[in-house]
Amino acid sequence: MRYSGLFLPTLKDVPSEAEVISHQYMLRAGMIRKLASGIYSFLPVGLRALRKVENAIREEMNRAGAQEVFLPSIQPAELWQETGRWDRMGDELLRFKDRHQRDFCYGPTHEEVITDLVRREVRSYRDLPLNLYQIQTKFRDEIRPRFGLMRGREFCMKDAYSFDRDEEAAEKSYWIMFEAYKRIFTRMGLDFRPVEAETGNIGGAFSHEFMVLADSGEDSIVFCTSCDYAANVEKAEVRPVAGRPRPPQGEPGADLKLVETRGKRTVEEVTNYLGVDPSQLIKTLIYRTEKGDYAVLVRGDREANEYKIQKVLDVDAVSLAGPDEVKELAGVPAGYVGPVGMSLPILADEGIRSMGDAVVGANAEDHHYLHFDPVRDLKDARFADLRVAVAGDPCPRCGEKMEERRGIEVGHVFMLGTKYSEALRATYLDPDGKERPVWMGCYGIGVGRTLAAAIEQNHDENGICFPFPIAPFTVILTALNPKDAKIRTIAEGLYTALQQKGVEVLLDDRDERPGKKFKDADLVGIPLRVTIGPRQLKEGRVEVKLRREADGTTVPVEGALDHILALLEDHGQT
């Protein structure tokens, strides 16, 4: 491709609407343009990179035995009503009526549609296993679209669905997809972690998220460097962490002591006033659920994990009581609530079980208790892992310390089980002629989101630093003065030779200043730049520079092609 004929409208300044790096650079590099809130057009260079992501996904899905289909984006309400999601999905589901006043939605996902297809076509155990996937546009009416492609309303997604005879076969399909996902993101040159995750609105027995590690990530993950355990902080298991040592076996601890803490409500205020570490304080939080209200105890230096609380209580949702609700339920202002004399059922984090000399609210305004002993003073409490995991916590698998990083979710795999097949009556006849529900798995990748995440992970102050596998072009030939016959001849010769070798090359043949050409090449992020300019040609050489490196190397003109091809081979581009 010649730059002079390429539709590539770059921008010098950062658009005011762009908050994160990927959004800024994709707009500035002429990859995307905004049509409406959360809806973007892909321009040629952006689409080339998007297609690279799609191709890596498609090839690995095919390799794993999945078959590509293309399903309707417009879905009838009846299917969603069968599963109950027509009402549960809320305002994110874009609903509308056709000319006959029939209800439809623009598909945010395709569990209902694919299960309907399978229930109509699969009859026997001989038709299974089956894995179908598509790469298609989805729409979710986000209340606050932001961050460009990271959280848009219309987006490109790969979704796959496996169908099996039983749980054992379904788990086998799940792990085949898990390994395929690892190959996909490795092929793209991304630093990622698969992590244990909550199943969320999709549902199912268990799931894993695939996180691209980036400081700008919305999610926090913890992972062990000694084994392969990793999880997002919502899901991560936490081994009990010891607080202040308990008294020796058989030795009684000090009696509860009531102390005045007038005006001191927060963990910081109370511990500073009493001269103790936050790890010696136990917070008492009140949560409201459809099954009733609960007092939840966690150590003062830890955060309660609402996902874990919700799971332990087996409820659909939990909400932290506000100050007025706390006063109504506990009879004292927030900050002074404690477990002694608590009328609500108590759910306690495992981390406080070993605390032998703790501080707790006294259930009396402006007062706390000292010397609280959970074993002695906490009766009828239910203990569970209820806190958010953090760096330094012991790995639940091997005990070594875990690390914490920010991550961007780009893929999610779910073991659905029979949730959708039972709701939609997708069954098959087993070898004995008995009707059984199909077991399902669901596997998604945000295609545009993956591209944006790659930029969040691969950039510098000058622009994008694309990994070779997903770059829109592999090489850019920068002719500094294309009107010069010698420069033009050498540039054209290398351009033709590289194309003949199957290299995706962009020839910058514009009549622009060298600084403009270099800035545009860095902004767009093409991995390898070859500069043909008068200064190097005086010595019969051209400059070859990797985008990620500060300095280039000059090589003889006659050996430039071989040098470029060798570099590409070193980076897996043969």
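Q: Hi! How many disulfides does a search of the whole structure find?
A: Zero, where a disulfide is a pair of cysteine sulfur atoms within 2.5 Å. Keep in mind that this is a predicted model, where local features need pLDDT of at least 70 and side-chain atom pairs count only at pLDDT 80 or more, while totals for chains, interfaces and linings use all residues. Residues are numbered from 1 along each chain as its sequence is written, and side-chain values use heavy atoms, with hydrogens and water left out.

Q: Why is there no bond between Cys227 and Cys395?
A: Their sulfurs are too far apart for a bond, at 3.6 Å, and Cys395 holds the closest cysteine sulfur to that of Cys227.

Q: And is Cys465 buried or exposed?
A: Cys465 is buried, with a relative accessible area of 4%. Cys227, at 24% relative accessibility, counts as partly exposed. Buried means under 20% relative accessible area, exposed means over 50%, and partly exposed is in between, using a 1.4 Å probe and protein chains only.

Q: New topic: which residues touch the most other members of the largest nonpolar core?
A: Those are Met31, Ile57, Met61, Tyr181, Phe185, Met188 and Phe466, out of 64 residues in that core. Helix α6 (residues 167-187) gives the most to this core, with eight residues. A nonpolar core here is a set of buried Ala, Val, Leu, Ile, Met, Phe, Trp, Tyr and Cys residues joined through side-chain atoms within 4.5 Å. Helices (H or I, at least four residues) and strands (E, at least two) are DSSP runs, numbered from the N terminus.

Q: What does Tyr181 touch?
A: Leaving out residues up to four places away in sequence, its contacts include Met61, Phe210, His412 and Tyr443. Contact means heavy atoms within 4.5 Å.

Q: Now helix α13: what do its buried residues pack against?
A: They pack against β27 (475-479), β28 (505-508), β29 (528-532), α15 (534-537) and α16 (560-570). Among those buried residues are Ile487, Leu494 and Tyr495.

Q: What happens at the start of α13?
A: A side-chain oxygen of Asp484 comes within 2.9 Å of the backbone nitrogen of Lys486. Just after the helix, Gly502 takes a positive phi of about 80 degrees.

Q: Last one: in which sense do β1 and β2 pair?
A: Strand β1 (residues 32-36) and strand β2 (residues 39-42) are antiparallel, with four bridges; two strands pair if DSSP finds at least two bridges between them. Arg33 sits opposite Ser41 in β2. Two residues lie between the strands of this hairpin, where Gly38 has a positive phi near 75 degrees.

Methods
Polar contact = N/O pair within 3.5 Å; in protein donor to acceptor, adjacent residues only side chain to side chain.
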